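Please open the model in your viewer and keep the selection tool at hand. The tour goes from stop to stop, saying at each one what to select and what is there.

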Amino acid sequence: MSSWIDYTVNGLIIGNIYALLAVGLALIFGVSRLINFAHGSVYVVGAYAGFLAVTYLDAPLPVTIGIVVVVGALLGLGIERFGLRPLQGHAHIAPLLATIGISFVLDQLVQLFFKPDPRALPSTLLDQRFQIGSGTIGALDLVIAAIGLLSAGLLYYFLRYTRLGWAVRATAQDRDAAQQMGVDVDAVHRTVFAIASGLGAVSGVLVGMYYNYIDPAMSFQATLKGVVAQVVGGMGNVPGAIAGSLLLGLVESYGIALFGTSYRNLFAFVLLIVVLVLRPNGLFAGRRRAPPEPLTGTFIAPSKPINLPPSALLGAAAVAALVPLMIPSPYVLQVLTNSWLYALLGLSLTLIAGTVGLVSLGHAALLAIGGYASALLTLNAGVPVGAAILSAGLITAFLGTVLVFPSFRLRGHYLSIATLAIGEIVSLVILNWEWLTRGPIGVSGIPSLSLFGFELDTDRSVYWFTLAVMVILAAVQFRLLGSHLGRVFRAVRDDDVAARSYGIRLDRYKALAFAFGSFAAGVSGGITSHIYSYINHETFNAQLSILALTIVILGGMGNVTGAIVGSVLLVGLPEVFRVAAEYRVLIYGLVLLLLVRFRPQGIMGTL
Amino acid sequence: MSALLEVRGLTRRFGGLTAVDAVDLDLGEHEFVSIIGPNGAGKTTLFNLVTGLDDPDAGRVRLAGHDVTGFSPEKLAALGVARTFQHGRVFANLSVLDNILVGAHVRFKSVRPAWPAPLSLIEPLAELALALVRPGAVKAEEARMREEALAILARFGDRLLPRKDNPAYSLSYANRRRVEIGRALALGPRLLMLDEPTAGMNQTETAEMQALIGDLKKSGLTILLIEHKLDMVMQLSDRVIVMDEGHVIANGKPAEVRNDPKVIEAYLGHHRADRPPVEEAAE
Ligand SMILES: Nc1ncnc2c1ncn2[C@@H]1O[C@H](COP(=O)(O)OP(=O)(O)O)[C@@H](O)[C@H]1O
Ligand SMILES: [Mg+2]
């Protein structure tokens, strides 16, 4: 019994911390219709600012909080300046992608300064606990609750009784009308980003104190939790975000009590998907109202794509095939092999996010499904490697499509969040489904590549095999785009209402594109698992999803050659220049940010 | 004349506002009927209800005698209902020709096999396979559709044909409207519904469009037209329906409707000064 009180208190405290994040996300979404993916980075920066204040300045708690708020607010202003303001009038999903880029940059900078290892964030309050009834409550719990209530109170006062707060509400309700009435929308954005980020940063430092633990990798999870809480409460709905956060905290806490910690996030993401699909306006809104628009998610900048003639493409393939004979360096071959594997992922994503316009943020999950399928088929069922890779492609096509199918009705940002959550769910299922996937230990001893009984045991043969698979699938994708299906996919992307009115069943064609694209990703994951010989649930992580997105934007959305070029540039070049791993993610983030801002059509142009 | 479209008691409410209020409408085969009325009268909402983009709160829609109330737009398109959109909805990144070809989607039969129940589950896969392998019949169908699409483009003189490979976003406003009409024709419609096809066009362009719509009428198409330009409506229509505040307030021959006092009042807006009269205001 007493433990239930503890779980409840714990859930509410965690919920309180989520609320500080989610309220900020809701405010930002309210005024700018942007899901700020850099919010988790603000949280991490807040945690580290608190860490510095406590360890080096010996600052007492109120001073620490004050410093953290200021740092967070300044950072928020910066995010607004670079992630949102320059992108007004761009595709609606552009600021979202920009904030993903910003978060990569910020997280990586924090990692470079503070090293990736976790640190302790000591708090003297941690040890004091009070007895209430049969349970206990800590002094820190009370502080967190107090800060939560105080922030909510201040925010309420600000929104309700100040001029600027009124302007914020007016902008959230109808941006154009507010502008016409003389509201300085830019100032509103700055204010909201500053407030939201101040709260987010405080959330970071409180979590750090609560667990006495901070590390730069907390960022992504924090963003996700904030987004889940916000979706549950209704996008842009501030009181809803608080309620959603408390609910999420409780669900997680009870979930841990019943099933153990490794299930914690699984609950959060399943909750997200269920709410998104069944109640896209959140739990507290009417059912029939359409979710806030406009949120079309395509990222297609008008452009003149560079169309290479088939002879040039064949020539390029031939040159690629000759590389092992001209440059026998195993290192170069491995790097290029890797590029071809990413190109396969790029082919997949450029079709799904570019051609049919479903901006997937969880694409690495398809690699994971393919990788595990192929590895387990060879190990557990003795399937020959070649057949296993092919089956892995088919299994991924099927599973991927089935998993995403319920989300096809979602549009724009909502679909992107859903794919992100599905990606996380896949990785958590892999972690928890031990009898099949061997859980956290991962799968080792995966047989190396072979085809029709011939071992592909040289770097050259692996290279040729991967190149051949990639070229074949690229050729098939070209043919697909040249058929009526290419036309239909792009029609669905450009205007789904008009497409329906001309007899195009959206689900059917989204599923077809998704299945086709997932096949390539599954094959890529399958081949990778045989090359690595060991995979676990983190081998294909969320960072890969964003790398894939950067690759296809760099190449030009929907563009087959672009996906290959983007992959060689983004995966191959850093290797060639031997860029250290920690700088690579920084580069990916910067490239994404710059592309979205300056060259959304990529190198080869969108199709 | 047998009724192709029969609408009975069709109603759609948005919160407290009844945008379409118990509307009855009949449209005979080969008939040309125009719907006029001030902005906000509910004309576009009526189109959305008939074409399945919106669901009515009450009432029925019958097409060629079959109840099609609540059918999806996809299904209605397959039954031969084609429409254009008031605010223009071309596929911006598709070429002009591809826009027209998408309009013909429901007429692609070889590449989109239709199989009975259990087999229908693998229809999409068959479609994918046929699109990739492209047997003779599929190729021939694509070629035939392209020919027809070019013929449709030719109906617009040299407005579209020279631009057939340009993306639709690069077209002028008027040309985008033309592409929409071309796309609707490509469906091979039984019922063609045009929502303000001349909105935003100058006089020459309007005259050209009127001539084209006149030709379509002569070819025997059944047409439902929403239009503000009364000259055009009076010249083309067999019958005119006037809507105001969700109701049908008049229905008859152009000459009768023109002199109906209720219509004049609705148009002059005696009872509601806040409404922009006839010519479309920016929406
Ligand atoms: N999706 C919607 N939600 C709320 N109100 C709507 C919606 N669509 C139309 N309306 C309202 O219904 C009324 C009729 O609109 P509409 O059918 O577009 O008129 P018309 O085409 O005759 O100008 C208008 O008052 C409009 O504001
Ligand atoms: Mg209208």
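In which sense do β7(B) and β8(B) pair, and over how many bridges? Select the two strands together: β7(B) and β8(B) pair in the parallel sense, over five bridges, where two strands count as paired if DSSP finds at least two bridges between them. Strands here are DSSP runs of E with at least two residues, and helices are runs of H or I with at least four, both numbered from the N terminus.

Before going on, note that this is a predicted model, in which local features need pLDDT of at least 70, side-chain atom pairs count only at pLDDT 80 or more, and totals for chains, interfaces and linings use all residues. Residues are numbered from 1 along each chain as its sequence is written, chains are lettered from A and ligands numbered from 1 in the order in which they are written, and side-chain values use heavy atoms, with hydrogens and water left out.

Within the pair just selected, L192(B) has I223(B) as its bridge partner in β8(B). If you follow the chain from β7(B) through α8(B) to β8(B), you trace a β-α-β crossover that is right-handed, which is to say that, with the strands pointing away from the viewer, the path from the first strand over the helix to the second runs clockwise. Helix α8 (residues 203-218) of chain B lies across β3, β7 and β8 of chain B and runs at about 150° to β8(B); contact means heavy atoms within 4.5 Å, and axes are lines fitted to C-alpha atoms, for helices over the stretch in contact, with angles from 0 to 180 degrees between N-to-C directions.

Now keep β8(B) alone, where five of its five residues are buried, a word that means under 20% relative accessible area, with exposed over 50% and partly exposed in between (1.4 Å probe, protein chains only). T222(B), L224(B) and I226(B) point one way from this strand, while I223(B) and L225(B) point the other way. In a regular strand the side chains alternate between the two faces of the sheet.

Add β3(B), which pairs with β8(B) in the parallel sense over four bridges, and then β9(B), which is also joined to β3(B) by four bridges and runs parallel to it. Extending the selection further gives an open sheet of six strands in chain B, in the order β6-β7-β8-β3-β9-β10, with mixed pairing. At the edges stand β6 and β10 of chain B, each with a single partner strand, so one side of each is left without a neighbour in the sheet.

Next, select the magnesium ion (ligand 2), whose protein donors are T44(B), through OG1, and Q86(B), through OE1, at 2.0 to 2.2 Å. Donors are N, O and S atoms within 2.8 Å of the metal (3.2 Å for Na, K and Ca), and because water is not among the atoms, sites may look incomplete. T44(B) lies in helix α1 of chain B and Q86(B) in the loop between β6 and α3 of chain B, so the pair ties together parts that are 42 residues apart in sequence. T44(B) is partly exposed at 23% relative accessibility, whereas Q86(B), at 11%, is buried.

Finally, show both chains. The contact takes 43 residues from chain B and 32 residues from chain A, and the two chains bury about 3200 Å² between them, 56% of it on carbon and sulfur atoms. Buried area is the accessible area (1.4 Å probe) that two parts lose on being put together, summed over both.
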